[in-house]
Amino acid sequence: MTEREFIVRPDATDQRLSTIVEGIDQNGNAVDTRVVTEKALTLYLNAREIVTMMTIGDHPDLLALGYLLNQNMLKPTDRVTGIDYDEELEVVVVRTEEETNYEDKLKKKVRTSGCAQGTVFGDIMDNLESISLSKDARLRTSWLYALTHKINTAPSLYLEAGAIHGCVLCEEDRPLVYMEDVGRHNAVDKIAGWMFQTNEDPSDKIFYTTGRLTSEMVIKTAMMGIPILVSRSGFTAWGVELARKIGLTLIGRARGKRFVALAGTERIVFDLDPDQVPDEDGRSGRKGSRRAIEADA
């Protein structure tokens, strides 16, 4: 395995992240099926409760950091002095050196049931205007084909139990950080948290997701400073519109030798003939859980 490949990856053997459930199949036969866990995690920013999320439970510190960053509640320049996680209470507290910009805004506004997150969303949209993504970043098609193969065949909770999304931070043809969760936004936030903690340069990175290329995915990728977003799924119209507006390279339906690019196509370098790329093996990719694959054998 090359240097900086799968620095962080899913641990399909972690018994806390999935469990066996008894049931019956279409013939009435008894079956044991592995399913992913789902638990609540309440996030505090200093003394203020922010949100309760449903998550599989791994990397709560990274999830908390990434959520705050991607919701514009925490700035990259804010100094984090500690992250406290209590597994029994299902609580994670992010502590900063000084009061954050988000808390200051709440004091000036009438508090609503939305906890001012509508205002936060508005700030995010305003900040998109100032985001500058690297124009020098490139995506070679040989890298794209290599990445999709490595990611889709890597050991994962999805292949063991299904019902989960995956997101991967990549560099050239190397998958660096692979996160999974019941919601793709959680997987994105974990990667954002990892990048914040490690001070990772986003300007030459590629972001891969198994989910749809929605406006939310485009916004979060841009806020992380990553210039290229790839998915094996499709697009939404607003996602494409935003990607074009902010100069993000947007590639969807990336399966085997096929893909469609709808924004930022100037970054793509066609250095490999698609005819030289084998079709995706339907039995090795993200077609179903491990048990579904075995059942088809």
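The exercises below concern a predicted model of one protein chain.

**Exercise 1. State how many helices and strands the chain has, and what share of its residues counts as buried.**

Solution. Start with the secondary structure: there are 9 helices and 14 strands in the chain. Next, take burial: 50% of the 297 residues count as buried. Then turn to the surface, where the chain exposes about 14,400 Å². Carbon and sulfur atoms supply 47% of that area. Last, consider contacts with a separation of 6 or more: residues 24 or more positions apart account for 56% of them.

**Exercise 2. Describe the sheet formed by 6 strands: give the strand order, the edges and the twist.**

Solution. Step one is the order, which reads β9-β8-β10-β11-β12-β13. The sheet is open and its pairing is mixed. Step two is to find the edges: β9 (174–181) and β13 each pair on one side only, which makes them the edge strands. Step three is the twist, which averages 20° from one strand to the next.

Now look at one pairing in detail. Strands of a sheet pair through backbone hydrogen bonds, either parallel or antiparallel. Strand β8 (residues 165–171) and β9 run antiparallel and are joined by 7 bridges. Across this pairing, H165 stands opposite D181 in β9.

**Exercise 3. Do the same for the sheet formed by 4 strands, and say which helix packs on it.**

Solution. The order is β4-β3-β6-β5, again in an open sheet with mixed pairing. The edge strands are β4 (48–55) and β5 (80–86), each of which pairs on one side only. Ignoring direction, neighbouring strands here are turned by 20° against each other on average.

For a single pairing, take β5 and strand β6 (residues 91–96): they pair in the antiparallel sense over 6 bridges. Within it, G82 stands opposite R95 in β6. The helix that packs on this sheet is α6 (residues 184–198), which touches β4 and β5. The direction of helix α6 makes about 120° with that of β4.

**Exercise 4. Classify the ring pairs Y145–F259 and F259–F270 as stacked, tilted or edge-to-face.**

Solution. A search of the whole structure finds 3 aromatic pairs. In the pair of Y145 and F259, the ring centres are 6.4 Å apart and the planes stand at 50°, so this pair is tilted. The cut-offs explain the label, because stacked requires planes under 30 degrees apart and edge-to-face requires over 60. Y145 belongs to helix α4 (residues 141–153) and F259 to strand β13 (residues 258–263), so the pair links distant parts of the chain, 114 residues apart. Both Y145 and F259 are buried.

For F259 and F270, the centres are likewise 6.4 Å apart. The planes of F259 and F270 are at 20°, so the pair is stacked. F270 lies in the loop between β14 (268–269) and α9 (290–295), while F259 is in strand β13, so the pair ties together parts that are 11 residues apart in sequence.

Putting the two pairs together, Y145, F259 and F270 form one aromatic cluster.

**Exercise 5. Decide whether F270 is buried or exposed, and find what sits over the ring of F6.**

Solution. The relative accessible area of F270 is 64%. The cut-off for exposed is over 50%, so F270 is exposed. For F6, the charged end of R9 sits over the ring, 4.2 Å from its centre.

Notes
Residues numbered from 1 in each chain as written. Predicted model: local features only at pLDDT ≥ 70, side-chain atom pairs only at ≥ 80, totals over all residues. Heavy atoms only, no water. Phe/Tyr/Trp six-rings, centres within 6.5 Å; stacked < 30°, edge-to-face > 60°. Helix = DSSP H or I, 4+ residues; strand = E, 2+ residues; numbered from the N terminus. Buried < 20%, exposed > 50% of the residue type's maximum accessible area, 1.4 Å probe, protein only. Lys NZ or Arg CZ within 6 Å of the ring centre and 35° of its normal. Pairing = 2+ DSSP bridges. Axes fitted to C-alpha atoms, helices over the stretch in contact; angles between N-to-C directions. Contact = heavy atoms within 4.5 Å. Areas by Shrake-Rupley, 256 points an atom, 1.4 Å probe, with all protein chains shown as cover.
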